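Reader: Please take me through one part of this structure at close range, in one connected account. I would like the charged side-chain pairs and the strands and helices that carry them.

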Amino acid sequence: MLLRCMINGEQIEKETEPTKRLLDFLREDCGLTGVKEGCSEGECGACTVLLDRKAVTSCTVFAGQVMDREITTIEGLEQNGELDALQKAFIRMGAVQCGFCTPGMILSCKALLYENPHPTVEEIKRAIEGNLCRCTGYEKIVKAVNAVGEGEIK
Amino acid sequence: MSFRIPQNLDELAAALREKDENTYLCAGGTDLVIHLRKEKKFHYSLIDLTHLPELSQITETEDSVIIGAGVTMTELEQSPLVRTWIPALSKAASMVGSTQIRNRATLGGNVANASQSSDTTPVLLAYGAEAEILDGTGAVTKRLVDDFVEGLEKTTLGEREVILKFIVKKQHVLSAFAKVGARKAVTISKINGCICTEIKEGCMMHPVVYLGAVGAKAGRARLIEACLEGQTLSGCDEEKIRDAVYAQIEENIPNRPSKHYKKSAAFGVIDQILDDLRRAEEEAGR
């Protein structure tokens, strides 16, 4: 199938197998390896991407289903060589350790901030309940998102 | 192998006409993608249901709320119409999986998958919801959800049928939903329940109670209904309710070893629902 969609702001057309998972399409066909494969069951959130600005697990979406849709991966957050505020906040607050969960975690938080630019701590926790992190204990992640919500990091 | 993306109901009916047993309908994909991989199936055809505007709307008529089968859990949770008229459905949807899953999982998928742990099915059953179903000839029929869901991943829907929408009659009732899983969030129900009841002069009248995950399909809990009938929300007889819940679980799953913990879990679920109903009654009275 000739798959037509917008990825990280760029309109693309690519011949691909539509029953592939979106995760595999992004990693194998598009070279976007910031999308991580974790549990492959929609449980861990490592493969989270934005589909029409909403967080979804790309391991539970068929590639063909994103026809004419808009996808954002972690590679798409940086603008003109400058990291997104969330990326800066994760670095500054020490919210990244091994880093495997980080792309999915940041994209879940990005989707939250699109809908709710000043979330409460409880709202942040709910937004990332589908993203597992085995290193940080979540505290620094929540603080990083909070710092962006509060306008401390731009 | 084909991958069809119908854009309207005529194209959907045409896709259904050509559907064979190796073709799957796919909405959110949160169960199907995992299921096909687990079964080691790699060669199949798909009919995508996410590009059909007719399936993704929530609307109302004078006497009903109409919910497209492709409406997601997030949309159910946030919809003012659903929150007003079917609060238990909004609550159930808010407790399905994680944010990412709720952004994709659909009401139609949750019902058609017919898992015994489905969170939305007990609510639809408690409200006596109907579904509109399209077949390959383009004909649309109406059926009670109760008539086609069998549980344990089985329905009586035909090979070439698809749910288009759910119709829930507007009723002047209070409703609430609760569940117990293995952990607090992102959890599959070990037991869940819904109560839908009229309130007259502070008393519960004709309460409808459904319990899920205590049997193949969410079932009506008539022993609990009989116990609640006429009781006030503010002065419930806790001991009587506990006895009725325990008797109900014994009746539903007499031979399952899980019945022992499900009795106390079910009581917790009913207790939580009554708490939520009490809060809803207070808010309605304000």
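Author: What follows looks at the salt bridges of chain B and at the elements around them, with chain A described at the end. The model is a predicted one.

Over all chains, the salt bridges number 29. A few of them in chain B are worth taking one at a time.

One of them is formed by B:Glu77 and B:Arg102, whose closest N and O atoms are 3.9 Å apart. B:Glu77 belongs to helix α3 (residues 73-78) of chain B and B:Arg102 to helix α6 (residues 99-102) of chain B, so this pair ties together parts that lie 25 residues apart in sequence. What is the burial state of the two partners? B:Glu77 has a relative accessibility of 17% and therefore counts as buried. B:Arg102 is buried too, its relative accessible area being 2%. The cut-off behind both statements is a relative accessible area under 20%.

A further salt bridge joins B:Glu161 to B:Arg143, with 2.7 Å between the closest N and O atoms. Here the partners sit in strands: B:Glu161 is in β10 (residues 161-169) of chain B and B:Arg143 is in β7 (residues 140-144) of chain B, so the pair links parts 18 residues apart in sequence. B:Glu161 is buried, at a relative accessible area of 17%. B:Arg143, at 22% relative accessibility, is counted as partly exposed.

The strand that holds B:Glu161 can be followed further. Of the nine residues of β10(B), seven are buried, so the strand is largely enclosed by the rest of the structure. Which strands pair with β10(B)? Strand β5 (residues 64-68) of chain B runs antiparallel to β10(B) and is joined to it by five bridges. Within that pairing, B:Ile67 has B:Phe166 of β10(B) as its bridge partner. Strand β6 (residues 130-135) of chain B also pairs with β10(B) in the antiparallel sense, over six bridges. There, B:Ile133 stands opposite B:Ile163 of β10(B).

The next pair lies within a helix. B:Arg279 and B:Asp276 form a salt bridge in which the closest N and O atoms are 2.6 Å apart. The two are three residues apart in helix α12 (residues 259-285) of chain B, which means that about one helical turn separates them. B:Arg279 is partly exposed, with a relative accessible area of 44%. B:Asp276, by contrast, counts as buried at 15% relative accessibility. What does B:Asp276 touch beyond its neighbours within four places in sequence? Its contacts there are B:Lys91, B:Ala176 and B:Phe177.

Salt bridges with shared partners also link residues across the two chains: A:Arg126, A:Glu129, B:Glu77 and B:Arg102 are joined into one network. The pair from α3(B) and α6(B) described above is therefore part of a set that includes residues of chain A.

Elsewhere in chain B there is a parallel sheet. Three strands make up this open sheet, in the order β1-β3-β2 (chain B). The edge positions are taken by β1 (3-4) and β2 (23-26) of chain B, each with a single partner strand, so one side of each has no neighbour in the sheet. β1(B) pairs with strand β3 (residues 45-48) of chain B in the parallel sense, over two bridges. In this pairing B:Arg4 stands opposite B:Ile47 of β3(B). Helix α1 (residues 9-17) of chain B packs on the sheet and touches β1, β2 and β3 of chain B, its direction making about 160° with that of β3(B).

Chain A, which supplies two members of the salt-bridge network, has five helices and five strands. From the N terminus on, these elements follow the order β-β-α-β-β-β-α-α-α-α. For 154 residues, a compact globule would have a radius of gyration near 15 Å, and the 15 Å of chain A agrees with this. The C-alpha trace of chain A spans about 45 × 30 × 25 Å along its principal axes. Of the 154 residues in chain A, 53% are buried. Among contacts in chain A with a separation of 6 or more, 55% are between residues 24 or more positions apart. Chain A exposes about 6900 Å², and carbon and sulfur atoms supply 47% of that area.

Terms used:
Residues numbered from 1 in each chain as written. Chains lettered and ligands numbered in written order. Predicted model: local features only at pLDDT ≥ 70, side-chain atom pairs only at ≥ 80, totals over all residues. Heavy atoms only, no water. Pairing = 2+ DSSP bridges. Helix = DSSP H or I, 4+ residues; strand = E, 2+ residues; numbered from the N terminus. Contact = heavy atoms within 4.5 Å. Axes fitted to C-alpha atoms, helices over the stretch in contact; angles between N-to-C directions. Rg over C-alpha atoms; globule rule 2.2 N^0.38 Å. Buried < 20%, exposed > 50% of the residue type's maximum accessible area, 1.4 Å probe, protein only. Areas by Shrake-Rupley, 256 points an atom, 1.4 Å probe, with all protein chains shown as cover. Salt bridge = Lys/Arg side-chain N within 4 Å of Asp/Glu carboxyl O.
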